[in-house]
Amino acid sequence: MRSAPSPHSVTFFREAAPYIHNHRGKTFVIAFAGEVIATPRFRQIVQDLAIISSLGARLVLVHGTRPQIDERLHRTNTPIRLHKGIRITDSTSLLAAQEAIGFLRIRIENLLTHALNQPSLNNEGLGIVSGNYITARPLGICDGIDYGYSGQVRKINHTLMQQQLDSDNIVLLSPMGYSPTGEAYNLRYEQVAVAATQAIQADKLIFLSHQPLNLPHELTLEEAKASLPYNPLLPAVIEASENQVERIHLLDAEIDGALLLELYTRDGVGSMIAAEQFERLRAATIEDISGIMELIRPLEERGILIKRSREQLELEIDNFHIILRDRDVIACVALYDTDDAQVAELACLAVSQQDRGGNRGDKLLKHVAQLAKTQGKNRLLVLTTQTTDWFRERGFEKGSVDALPANKKSLYNYQRNSQILFKTIS
């Protein structure tokens, strides 16, 4: 007898479906250090890259080379010289860098070609293209130290890259750039990734880290700056954020399926850094109705909230306020006038099941209390059947039907028998 699929597999597929749709046609720059390539996990990472590409995302891959260069220098007993964490590249080190890049390009292209041509993937026409997309210049002299052939990105040939992406090819960038005078320069792969993201206006920049992250799930740019000493990738992340890269993801390369989980589940498994807040509290608009209905439907079915039709929501949408996470409505509340000019009714307070515990209900309560106060109200009214304790813990006190404003008293549902609670707005 054939065994049924795991419930976790079904749950993942349901959660992934909207992200598969949203990411189709989007451009992701995915960068990984040479240390990541050297791990046994890299073959699985390449398989995941092939899946992401087959699902319609456009990929630019950027690889590092540091351990591979170091290995070649060790073989020839050549000293490894760094200044401020950047390699000082003499002619011997440049040759080692060129050899390492050639070796890694072939390895990555070989693994990707194999992964893309698996029978389970529909990748007809997909290719992996690398080339001289990067114009570079020398880093020069810093603190009296000549960096030699270590350079920095001067320009990215974004037109040529876009042509390859438009042809459904995966673009592979190596940390080597060339000057108009014919010199080659060893580059930091992190800077290449940031510059490429900016040049092609990619939708996401993703770093696969070979070291444990030890970072929160979400950080603002300011929080990332505060964490700067604790993760070597953060300087590149901060540079990207300060140069209009909206979202940067840091993933632990040792987590199996990290790329798939980060891109195709809502909470992901890495750390995401954005210049702006991840969650926004704002007034609802007509475009938010579907999200609100999806949020409150389970609570309506359990009798916690009164059922509202789409037509009713459309008429009352100006009363609603929501918390958005990315484009998902994860919490809502409504504020209504009553016949008593001093009393406003708080209604339809809901937080999605998976987003409880983040004080979002308190945030909405505080928001509408302040809003009611600006409207000249001095009391909030709540009618509830199953969340009495939550409101009472926040200063609401029991009232009676006789204390209700006239319009609420005439509509009071004795069969529902809701608790009547008031709170004075301070």
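## A buried cysteine

Let's start with Cys332: this residue is buried, at a relative accessible area of 0%. Keep in mind that we're looking at a predicted model. Cys348 counts as buried too, with 5% relative accessibility.

## No disulfides here

Do these two cysteines pair up? A disulfide is a covalent bond between the sulfur atoms of two cysteines. A search of the whole structure turns up 0 of them. Cys332 is in no disulfide, and the nearest cysteine sulfur to it belongs to Cys348, 4.3 Å away. Looked at from the other side, the closest cysteine sulfur to that of Cys348 is in Cys332, and 4.3 Å is too far for a bond, because the cut-off for a disulfide is within 2.5 Å.

## The second largest pocket

Cys348 shows up again when we turn to the second largest pocket, as one of the lining residues closest to its centre. Ile304, Leu305, Leu349 and Leu383 are the others named there, out of 41 lining residues. The volume of this pocket comes to about 1100 Å³.

## Who builds the lining

Which strand gives the most to the lining of the second largest pocket? That's strand 20, with 7 residues; this strand spans 343–351. Other elements supply at least two residues each, including strand 19 (328–337), strand 21 (379–384), helix 12 (310–316) and helix 13 (360–374). Helix 14 (388–392) and helix 15 (406–410) chip in with at least two each as well.

As for chemistry, the lining is a mix: 17 residues are nonpolar, 11 polar and 13 charged.

How values were computed:
Residues are numbered from 1 along each chain as its sequence is written. This is a predicted model: local features need pLDDT of at least 70, side-chain atom pairs count only at pLDDT 80 or more; totals for chains, interfaces and linings use all residues. Side-chain values use heavy atoms; hydrogens and water are left out. Buried means under 20% relative accessible area, exposed over 50%, partly exposed in between (1.4 Å probe, protein chains only). On a 1 Å grid over the protein atoms alone, a cavity is a set of points where a 1.4 Å probe fits but cannot get out, and a pocket is an open set with protein on both sides within 12 Å along at least five of seven lines; lining residues have an atom within 4 Å of a point. Grid points are joined across faces, edges and corners, and a volume is the space filled by probe spheres set on the points. Helices (H or I, at least four residues) and strands (E, at least two) are DSSP runs, numbered from the N terminus. Ala, Val, Leu, Ile, Met, Phe, Trp, Tyr, Cys and Pro count as nonpolar, Asp, Glu, Lys and Arg as charged, and the others, Gly among them, as polar.
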